[in-house]
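Hi,

Here is the structure I said I would pass on. Have a look at it first, and then read on for what turned up.

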Amino acid sequence: MTADHLRREEWAVTLPSLGWLLALFAAPTLLVFAVSFRPADPYGGIGAGWTLATLREMARTPLGPVIARTVRLSALTTAICLALAIPCGTCLARVAPRRQAVLLLLVVVPFWTSFLIRVFAWRMLLHPEGPLKRVLVTVGLADPHTQLLYSEPAVLLVMVYTFLPFAILPIYAAAEKFDLALLEAARDLGAGPWGAFVKVFLPGIGRGVLTATLMVLIPALGSYVIPDLVGGPGQDMLGNRIAQRAFSDRNLPQASALSAALTLAALAPMALAALVQRRPPALEAAARKEAA
Amino acid sequence: MATDGFLIFENVTKRFGAHAAVDGVSVGVQKGEVFSLLGPSGCGKTTLLRIAAGLETPDEGRVWLDGEDITDLPPERRRVNTVFQNYALFPHLTVAENIAFGPRAAGWPRARIREEVDRMLALVQLTDQAGKKPRMLSGGQKQRVAIARALINQPRVLLLDEPLAALDLKLRQRMLVELDLIHDEVGITFVYVTHDQGEAMGLSDRIAVMNRGRIEQIGRPAEIYEAPRTGFVAAFIGDTNFLEGRVEEHLGDNYCRLGVEGFPDIECFNDTGRPPGEPVCLSVRPEKIRISRERPEPAPHVNVVPARVADAIYLGTHTRFWVRVGRHRVAVWQPHARFLLDERPIRWGDEVWISWHGDDGFMLERFSGADAALVATPPERIGAANGGVAP
Ligand SMILES: Nc1ncnc2c1ncn2[C@@H]1O[C@H](COP(=O)(O)OP(=O)(O)O)[C@@H](O)[C@H]1O
Ligand SMILES: [Mg+2]
């Protein structure tokens, strides 16, 4: 079979999913982008004609602190999730198969409960009269006036809790496929345990880490339920602003403009990841030619 | 230290559960030699090699390298390097980066690393592949990267675990020659693990034949082949006939008379002084036995036995005969050193004489059926257990 044939076949196989992506992802996104350039009508709908008023309005509102908080919380969530998921995923991949099934089940079991209910559960745990506070005060780790709930750390905690499984699963999948003999080879060649981990294991599960990063970072950027329920006043993220524009203000163009900004912000790390994943094309082509 | 040498295993035992993968092994590898661990799959070769590399900790015994006890050193602090069976090349690094891995870990200066990597690439003839990732390489090339990656660290001992097993026959033969050249060039001590007697014989200065976690015999290739000390060694290295019998009497000059059912008296070298009455397994290699139509002239210590040809396979360089003596089968390889077509060939059903010198027989302990399952070509078995192993 020629390379051309292969390419044509590849297209045929990809076409359905490409159509799906276009219809359900690209088109709505473009719609959202488009709506940002339409005027709002007083009844919460979209007016006729095109305008830059929404963008001008958005430029006037001081969004800086909200964006900074959104990025900071999302980045921290991602970093903490990765730091926890790499050891967890690795251990998961290395335990005996029967234990592995049980542990994997434990990772996904939270999904059986509604996300909202789990966040409410955290509200109870973090409540000023809640168990966590009482324990911390009893052990002397917190004084009675500390506020657990309605604080930025609380938001971070619940975000890490929520997104951790999305980090563990891809890293587990990558660690499972990793050939442990490579670690032995690294040790044999003079690398210590830490050196072997950093220079051989981490690159070996690199794709898993990348997937985990995207799986956590992108939804984290868009989260609004968590800051809404466990965050304090004036600690909202971009997601909250969008919800506010859409539901309270009933101003769809403004909500769309913010959404578009968020989408662009989320696309940036994905584009970066794609760039990292692409191998130097010249080298690859040369090698393939020689192998043929 | 009971054993002497450069790399010494002293009474090393390694158990996995109740099963001893390596069972009380003591052996000394000399500096600069190619030392092979030869044995069937599962006999503990890899485990012993991993103990030397520090990837496995022995349950008992010590390992010494150049006079230093290295038993408790982690792998990265031992001056030995391994060529792994499946190469274990780092997939995310190029050929050159793979080779530079050890020196980088050791913190060599950049310029020296570059220089040495280039030298290694030249040594294994991969200079033009330096920028490729391992998955772009052929099996033979991967193999050479693995060797270069280990050798660049200038190990005191290079450990090779079945390095040619994954290659096809042609490439295996070429790589064997290359390995030999590389050894001559670098002069490093090699410990070479293989289940292939041909590789071990061709490459090694000395061979240790392993079976069930133990070493059965250590010696130069010719010693192992010509003078096997156990039935397993005789059967595993090359082909052989086993005649089960009994020592009848000593004849002086270190010879003795053997009784084997269905055979006339057999004379055999008896330097180990086995006493009369002891049951033995006589091993005679097929190519040491001569076959002829006419009865050979009697000569001292030569056994002459009448037989009938049961099978003959002409193979160009030699013919393989299986002859019957009474109810026993004996394999005889007859080399063809002269022009054959002028002679009247020996055929199936012919009455013939087979003969061998008493020095070519080795009296060994009885050979077990379990051992027979481990060897590629089971020996022709004679006597009580005949028929247990198909030819
Ligand atoms: N990590 C291990 N766990 C349990 N058994 C093992 C392990 N490694 C090796 N063995 C067992 O030890 C024996 C020797 O294995 P190995 O040294 O790999 O043999 P060889 O290299 O000669 O084929 C085999 O029976 C094998 O099943
Ligand atoms: Mg092995």
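To start where the two chains meet: how many residue pairs are in polar contact across the interface of chain B and chain A? The rule finds five, with both residues of each pair at pLDDT 80 or more. Do keep in mind that this is a predicted model.

Salt bridges come up too, and the count between chain B and chain A is two. In one of them, the side chain of Glu76(B) meets that of Arg187(A), with 2.7 Å from N to O. As for which parts of chain B are involved, α1 (45-53), β6 (80-83), α2 (95-106) and α4 (139-151) each supply at least two residues of the side that touches chain A. Sorted by class, that side of chain B has 14 nonpolar, seven polar and six charged residues.

Now the extent of the interface. Chain B brings 27 residues to the contact and chain A brings 21. About 2,000 Å² is buried between the two chains, and carbon and sulfur atoms give 60% of that area. On the chain B side, Glu76(B), Phe101(B) and Met136(B) lose the most area to chain A, together 27% of what that side buries. So Glu76(B) is worth finding in the viewer: besides being among those three residues, Glu76(B) is in the salt bridge with Arg187(A).Next, the interior. The largest nonpolar core has 79 residues, and Leu7(B), Phe9(B) and Phe90(B) are the ones with the most contacts inside it. Helix α7 (residues 152-177) of chain A gives the most to this core, namely 14 residues. If you want one residue to click on, try Leu7(B): leaving aside residues up to four places away in sequence, Leu7(B) touches Val27(B), Gly28(B), Val29(B), Ala52(B), Val63(B), Trp64(B), Leu65(B), Val157(B) and Val191(B). There is also a second, separate core of 36 residues, which includes Val83(B), Val117(B), Leu126(B) and Ile188(B).

Last, chain A taken by itself. Chain A has 14 helices and zero strands, so reading along the sequence gives you one α after another. Its C-alpha atoms fill a box of roughly 65 × 65 × 35 Å along the principal axes. Of the 292 residues in chain A, 36% are buried. Among the contacts in chain A with a separation of 6 or more, 67% are between residues 24 or more positions apart.

Happy to go through any of this with you.

Cheers

How values were computed
Residues numbered from 1 in each chain as written. Chains lettered and ligands numbered in written order. Predicted model: local features only at pLDDT ≥ 70, side-chain atom pairs only at ≥ 80, totals over all residues. Heavy atoms only, no water. Contact = heavy atoms within 4.5 Å. Buried area = accessible area lost by both parts, 1.4 Å probe. Salt bridge = Lys/Arg side-chain N within 4 Å of Asp/Glu carboxyl O. Polar contact = N/O pair within 3.5 Å; in protein donor to acceptor, adjacent residues only side chain to side chain. Helix = DSSP H or I, 4+ residues; strand = E, 2+ residues; numbered from the N terminus. Nonpolar A, V, L, I, M, F, W, Y, C, P; charged D, E, K, R; others polar. Core = buried A, V, L, I, M, F, W, Y, C linked by side-chain atoms within 4.5 Å. Buried < 20%, exposed > 50% of the residue type's maximum accessible area, 1.4 Å probe, protein only.
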